[in-house]
Amino acid sequence: MDSTTTSPRRLAVLISGEGTNLQALIDAQNTPSLPNTTIVLVLSNRKNARGLLRASNASPPIPTAHLSLPAFLKSNPGKTRDDYDLEIARLVLRAKPDAVVCAGWMHILGEGFLDVLKCVRTSEGEEEEVPAREVPVINIHPALFGQFDGAHAIERGFEAFQRGEVDKLGVMVHRVIKEVDRGKPLVERTVEVVKGEPIEAYEERLHKVEWEIIVEATRMVLGEVI
């Protein structure tokens, strides 16, 4: 077995909030569920995201970074949202990840970010970062494929079920492409939902499934790394 096989797979995780999906990855790294894997960066677009504390408190501590779009635009007059996405790409690529997991990342990544990680565009900065090969990007979304794309999917899905407009709900981890939540699912699973129950009961079941499938999908995509 050569050194490329035994070297730990490097994972960058993008978050915006509490970081419970991140915690599932932290707990799973270097276990049979996610073997030979090291989280090398946790990046947030919100300075006060609790997930950053989860990373700092991990053993060993995981490097963190944060950069919000408003702060970036304020500090860089004349820059655009696309420039912000390119800066996010630079921050990610400095960690030299084998894969990127969006685990509750509440910012739609533009085509520029994806093109940089696909090696079809450079980051165009003073400190240009160029990956040696395409870096896959995956995202967890609390809905079944094609059902409730975009924001507030849990609430929209739950309300639709209670009105009888859909007969099942679920969650998926999919590849990130420029069309929001339209990438090919790696793992997709239905979640039980009950007529008349409070949404909090459904959310609790959904989150437990999320913590399972984000690890499963991450292992799958890292298994593609050569």
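This note goes through a predicted model point by point, from the overall fold to single residues.

1. **Overall build.** The chain contains eight helices and seven strands. Its C-alpha trace spans about 55 × 50 × 30 Å along the principal axes. The radius of gyration is 18 Å, which agrees with the value near 17 Å for a compact globule of 226 residues. Of those 226 residues, 48% count as buried.

2. **Strands 1 and 2.** Strand 1 covers residues 9–15. Six of its seven residues are buried, so the cut-off of under 20% relative accessible area is met along most of this strand. Strand 1 pairs with strand 2 in the parallel sense, over seven bridges. One contact to look at is Arg9, whose bridge partner in strand 2 is Thr37.

3. **Strands 5, 6 and 7.** Here the pairing is antiparallel. Strand 5 and strand 6 pair in that sense over four bridges. Strand 6 and strand 7 (residues 185–191) do so over six bridges. Strand 6 thus has partners in both strand 5 and strand 7. Two residue pairs help in locating the register. Ile140 stands opposite Val173 of strand 6. Gly170 has Thr190 of strand 7 as its bridge partner.

4. **Burial of strand 6.** Why is strand 6 described as largely enclosed by the rest of the structure? Six of the seven residues in the run 169–175 are buried, so the strand has the rest of the structure around most of it.

5. **Helix 8.** This helix runs over residues 199–222. It has 24 residues and reaches 34 Å from first C-alpha to last, close to the 34 Å expected at 1.5 Å a residue. Its buried residues are Ile199, Tyr202, Leu206, Val209, Glu210, Ile213, Ile214, Val215, Ala217, Thr218, Val221 and Leu222. Glu210 and Thr218 are among them. As a general point, an α-helix has 3.6 residues a turn, so residues three or four places apart point the same way. The list can be read with that spacing in mind.

6. **The largest pocket.** The space in the largest pocket is about 920 Å³. Two or more lining residues come from each of helix 2 (20–28), strand 5 (137–141), helix 7 (153–162) and helix 8. The lining has 36 residues, and those nearest the centre are Gly104, Trp105, Met106, Ile140 and Pro142. By class, the lining divides into 15 nonpolar, 13 polar and eight charged residues. Ile140 was met above as the residue opposite Val173.

7. **The cavity.** How many cavities of 30 Å³ or more does a search of the whole structure find? The search finds one. Its volume is about 30 Å³. The lining consists of Pro142, Ala143, Gln147, Phe148, Ala153, Ile154, Gly157, Leu169, Gly170, Tyr202 and Leu206. Helix 7, strand 6 and helix 8 each supply at least two of these. Helix 7 gives the largest share, three residues. By class there are eight nonpolar, three polar and no charged residues.

8. **Residues shared between features.** Pro142 lines the cavity and is also one of the residues nearest the centre of the largest pocket. Gly170 lines the cavity and bridges to Thr190. Tyr202 and Leu206 line the cavity and are buried in helix 8.

9. **Backbone points to check.** The peptide bond from Ser59 to Pro60 is cis, with omega near 0°. Pro60 is in the loop between helix 3 (50–56) and strand 3 (64–66). Asn30 has a positive phi, near 60°, and is not a glycine. Asn30 sits in the loop between helix 2 and strand 2 (37–44). His152 also has a positive phi, of about 60°, without being a glycine. His152 belongs to the loop between strand 5 and helix 7.

10. **His152 and Leu93.** Is each buried or exposed? His152 counts as exposed because its relative accessibility is 58%, and the cut-off is over 50%. Leu93, by contrast, is buried, with a relative accessible area of 5%. Leu93 lies in helix 5 (residues 81–94). Leu93 and Leu186 are 93 residues apart in sequence. Their C-alpha atoms are 23 Å apart in space.

Terms used
Residues numbered from 1 in each chain as written. Predicted model: local features only at pLDDT ≥ 70, side-chain atom pairs only at ≥ 80, totals over all residues. Heavy atoms only, no water. 1 Å grid on protein atoms, 1.4 Å probe; cavity = no way out; pocket = protein on both sides within 12 Å on 5 of 7 lines; lining within 4 Å. Points joined across faces, edges and corners; volume = space filled by probe spheres on them. Nonpolar A, V, L, I, M, F, W, Y, C, P; charged D, E, K, R; others polar. Buried < 20%, exposed > 50% of the residue type's maximum accessible area, 1.4 Å probe, protein only. Pairing = 2+ DSSP bridges. Expected span 1.5 Å × (residues − 1). Rg over C-alpha atoms; globule rule 2.2 N^0.38 Å.
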